[in-house]
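Hi everyone, thanks for making time this morning. I'd like to walk you through one structure, so please have a look at the screen before I start talking.

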Amino acid sequence: MKRIVVVIQIVIVSAMLLSCEKDPSFENGYYLFENGVMNEAERVGLIFLSWKDVSLPDSVKNAIREIASAMVLVEGDTYTMGDYDYESESPAHEVSLSDYWISAITVTQKQWCAIMGENQMWHSAYGKGDDYPANYVSYDQALLFVQRLNSYAGTHFRLPTEAEWEFAALGGKRSQGYIYSGSSNIDEVAWYNGNTSGSMLPVGWKVPNELGLYDMSGNVCEWCSDWYGTYSGETVTNPAGPTNGTKRVVRGGNFTLNANYARCKARNALTPNNQSLAVGVRLVMDVQ
């Protein structure tokens, strides 16, 4: 009886090996079976990109690869969000977050162009070039960018919640308690109105924070998904902000503002259709 079982096992293993040799997914990279369709895919770090349209231009695929490769894991934890010293940031309260990915840099103009086309509002007077942050981006346009990105690559990118943004800016579980993201000396980590000549600078030129994230203080503010509102003061888990409002949260300070706005806990807000010259986009993704 044991011999029969062994023979059956050998036959099964042999059949599996033969099927693997003939399966193109083992010869030409990855394939993901989604909704009854086998899509060509590839792995960038720990993120899978599932190409819904294999005829996508290389410029689009390369932009998405760049975005995926820049994602940094943030290990979830409980931290104190807000600051009693500022009315708009009060009351300080406990927030618990799950693990998530966040981009080390803001979306660049090159990446934006690949997905959305040229932004006619970009001007060299405020910083224009492949490695500069995509600016003049409204909240509504940011959502459209995310929608297109995900439809092309089968990904689940989104905008960060305000709590996720603040926790990452503070350095997550590696936080050293700095005022700004990565230092209490603003000139080490941020471009603001005290050290620029009225324009943005390319991404990643300053010192990163404890998680390896660049420019979370200064250069351009960044959209968050939350409606702007006062904090409740309650202990919350994975908060998404108020259910309605008139303005969306922006975080991080920018090259036109003073150092106070570049603090990790500083808050600001704009209407969703506002295309500010100093607001851009940083992406996050849930850990699947």
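Let me begin with a term I'll lean on: by a nonpolar core I mean a set of buried Ala, Val, Leu, Ile, Met, Phe, Trp, Tyr and Cys residues joined through side-chain atoms within 4.5 Å. And please keep in mind that what you see is a predicted model.

With that in hand, the largest nonpolar core here has 35 residues. Which residues have the most contacts inside it? They are Phe157 and Leu283. Several elements feed this core: β3 (47–50), α2 (58–69), α3 (109–116), α4 (139–153) and β9 (221–227) each give at least two residues to it. The largest share is from α4, with six residues.

Let's stay with Leu283 for a moment. If we leave aside neighbours within four places in sequence, Leu283 is in contact with a dozen or so familiar faces on your screen, including Ile67, Met71, Trp101, Phe145, Leu149 and Phe157. There is also a second, separate core, made of 25 residues, and among them are Val95, Leu97, Ile105 and Trp165.

Now a quick step back to the whole chain. The protein has six helices and 14 strands. Of its 288 residues, 48% are buried. For contacts with a separation of 6 or more, 68% are between residues 24 or more positions apart.

On to the helix packing, and here α3 is our guide. How do α3 and α4 cross? Their axes come within 10 Å, at an angle of roughly 70 degrees. An angle of that kind makes α3 roughly perpendicular to α4. The crossing is left-handed. On the α3 side, the contact is built by Gln111, Trp112, Ile115 and Met116, while α4 brings Gln141, Ala142, Leu144, Phe145, Arg148, Leu149 and Tyr152. Sorted by class, that contact holds eight nonpolar, two polar and one charged residues.

The other partner I want to show you is α2. The axes of α2 and α3 come within 9 Å and cross at roughly 135 degrees, and the two helices are therefore oblique to each other. This crossing, too, is left-handed. Who meets whom? In α2 we have Ser59, Val60, Ala63, Ile64, Glu66 and Ile67, and facing them in α3 are Lys110, Gln111, Ala114 and Ile115. By class, the contact of α2 with α3 comes out as six nonpolar, two polar and two charged residues. As a reminder, an α-helix has 3.6 residues a turn, so residues three or four places apart point the same way. That is handy when you scan those lists.

One more residue of α3 deserves a look, and that is Gln109. Is Gln109 buried or exposed? With a relative accessibility of 2%, Gln109 counts as buried, because the cut-off for that is under 20%. Its C-alpha atom is 7.7 Å from that of Lys128, a residue 19 positions away along the chain. Beyond its neighbours within four places in sequence, Gln109 is in contact with residues including Trp122, Lys128, Asp130, Tyr132, Asn135 and Met200.

Next, please find helix α5, residues 162–169. This helix is mostly covered, with eight of its eight residues buried. The buried residues include Glu162, Glu164 and Glu166, along with Trp165 and Phe167. After α5 comes Gly171, with a positive phi near 100 degrees.

That brings me to the backbone. Most residues other than glycine have a negative phi, and most peptide bonds are trans. So where does this model depart from that? Ser90 and Pro91 are joined by a cis peptide bond, with omega about -5 degrees. Pro91 lies in the loop between β5 (78–81) and β6 (93–96).

For positive phi outside glycine, look at the loop between α6 (186–189) and β9, where Asp215 is placed. Asp215 has phi near 60 degrees, and Asp215 is buried, with a relative accessible area of 5%. Asn219 is found in the loop between α6 and β9 as well. Its phi is near 70 degrees, again a positive value, and Asn219 counts as buried at 1% relative accessibility.

That's my tour. Thanks for listening, and I'm happy to go back to any view you like.

Notes. Residues are numbered from 1 along each chain as its sequence is written. This is a predicted model: local features need pLDDT of at least 70, side-chain atom pairs count only at pLDDT 80 or more; totals for chains, interfaces and linings use all residues. Side-chain values use heavy atoms; hydrogens and water are left out. Buried means under 20% relative accessible area, exposed over 50%, partly exposed in between (1.4 Å probe, protein chains only). Helices (H or I, at least four residues) and strands (E, at least two) are DSSP runs, numbered from the N terminus. Contact means heavy atoms within 4.5 Å. Axes are lines fitted to C-alpha atoms, for helices over the stretch in contact, and angles run from 0 to 180 degrees between N-to-C directions. Angles under 35 degrees count as roughly parallel, over 145 as roughly antiparallel, 65 to 115 as roughly perpendicular and the rest as oblique. A crossing is left-handed if the near helix is turned anticlockwise from the far one by less than a right angle, and right-handed if clockwise. Ala, Val, Leu, Ile, Met, Phe, Trp, Tyr, Cys and Pro count as nonpolar, Asp, Glu, Lys and Arg as charged, and the others, Gly among them, as polar.
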